[in-house]
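Hi everyone, thanks for coming. I'd like to walk you through a structure that is new to most of you, so please have it open as I talk.

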Amino acid sequence: MKRANTFPNGSPITTKLTYEDYLKTSDDERYELLDGELITMPAPSIAHQHVAVKLATRLDTFVEDKDLGVVYFAPTDVVLSETHVVQPDLMFISSERAGIVTSANIQGAPDLLVEIRSDSTAERDENLKRKLYAKFGVKEYWLVNPDARTITVLLLGEDGYTERSTYTEGQTLTSSILDGFSAHLDEIFLSRP
């Protein structure tokens with residue numbers, strides 16, 4: 001994870017950035033804005049992309065068949081506040097909350113967010129974003145680890161997230177907010193060589 005210490009035009013960053021500043025970044029790189037700090041996102045691995053496609057396909061098919069809302073994937077800006085703009089790997093927004101979807105971005109917390117772990121994002125996904133997503137009211141948060149071949153499902157409670165379950169190979173993931181959704185983990189992760 002590389003932290004950007006200058007604006008794309010080379011000017012030094014001396015204060016917290018806002019969404020307006022974020023919009024001035026280059027289209028050639030992916031960024032997130034966390035607590036006013038611009039963070040450059042590296043390209044995802046092949047295992048990461050494989051998992052993203054498999055989960056997105058299953059989620060989208062389920063959500064569309066049941067007419068529950070919409071599924072989006074990165075890079076899509078989720079504006080949680082002026083100083084917090086994230087690009088989660090996958091997200092579900094229920095029909096009841098469709099008003100947060102604009103032509104440019106998502107303005108508020110999706111119902112479900114999925115982050116697929118990599119070495120460069122693990123600490124941020126498991127700690128900073130976990131707290132951030134709880135603070136802004138994301139009901140369900142999945143942490144996917146392609147190396148360990150696990151998916152941890154976290155549910156929002158009064159005191160933040162609690163772990164509902166960590167699914168491993170041979171198990172079938174379910175969701176508390178998507179009643180009836182399931183995905184067998186052996187079909188989600190890349191086959192071992």
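Let's go straight to glutamate 187, which counts as partly exposed because its relative accessibility is 42%. Here buried means under 20% relative accessible area, exposed means over 50%, and partly exposed is in between, with a 1.4 Å probe and protein chains only. The side chain of glutamate 187 meets that of arginine 58 in a salt bridge, at 2.9 Å from N to O. By salt bridge I mean a side-chain nitrogen of Lys or Arg within 4 Å of a carboxyl oxygen of Asp or Glu. This pair links distant parts of the chain, 129 residues apart: glutamate 187 is in the segment after strand 14 (182-184), and arginine 58 is in helix 2. Arginine 58 is also partly exposed, because its relative accessibility is 25%.

Before going on, a word on what you are looking at. This is a predicted model, where local features need pLDDT of at least 70 and side-chain atom pairs count only at pLDDT 80 or more, while totals for chains, interfaces and linings use all residues. Residues are numbered from 1 along each chain as its sequence is written, and side-chain values use heavy atoms, with hydrogens and water left out.

Now the overall picture. The protein has three helices and 14 strands; these are DSSP runs numbered from the N terminus, with helices being H or I of at least four residues and strands being E of at least two. Of its 193 residues, 45% are buried. If we take contacts with a separation of 6 or more, 50% of them are between residues 24 or more positions apart, where contact means heavy atoms within 4.5 Å.

Back to the charges. Side chains of opposite charge can pair when their charged atoms come close. How many salt bridges does a search of the whole structure find? The count is eight. In one of them, lysine 129 pairs with glutamate 115, with the closest N and O atoms 2.9 Å apart. Lysine 129 sits in helix 3 (residues 122-136) and glutamate 115 in strand 9, so this pair ties together parts that are 14 residues apart in sequence. Both lysine 129 and glutamate 115 are buried.

Another salt bridge joins arginine 97 and aspartate 111, whose closest N and O atoms are 4.0 Å apart. Arginine 97 is in the loop between strand 7 (90-94) and strand 8 (106-107), and aspartate 111 is in the loop between strand 8 and strand 9 (112-116). Is aspartate 111 buried or exposed? Aspartate 111 is buried, because its relative accessible area is 3%. Arginine 97, at 27%, counts as partly exposed.

Let's turn to strand 11 (residues 150-157), where we find threonine 150. Threonine 150 is buried, with a relative accessible area of 15%. Leaving aside neighbours within four places in sequence, its contacts include Leu143, Tyr167 and Phe189. Leucine 173 lies in strand 13 (residues 172-174), and its relative accessible area is 0%, so leucine 173 is buried. Between leucine 173 and threonine 150 there are 9.8 Å in space, C-alpha to C-alpha, and 23 residues in sequence. With the same neighbours left aside, leucine 173 has contacts including Trp142, Ile151 and Phe181.

Which residues does proline 146 touch, not counting those up to four places away in sequence? They are Ala47, Val51, Ile116, Arg117 and Phe189. Proline 146 is in the loop between strand 10 (140-145) and strand 11, and at 10% relative accessibility proline 146 counts as buried.

A few backbone details to finish. Arginine 149 is also found in the loop between strand 10 and strand 11; its phi is near 60°, a positive value in a residue other than glycine. Arginine 149 is buried, at 9% relative accessibility. Aspartate 67 has a positive phi too, about 55°, and lies in the loop between helix 2 and strand 4. Unlike the buried residues we just met, aspartate 67 counts as exposed, at 64%. And where is there a cis peptide bond? Look between alanine 74 and proline 75, where omega is about 0°. Proline 75 lies in the loop between strand 4 (69-73) and strand 5 (78-81).

Thanks for listening!
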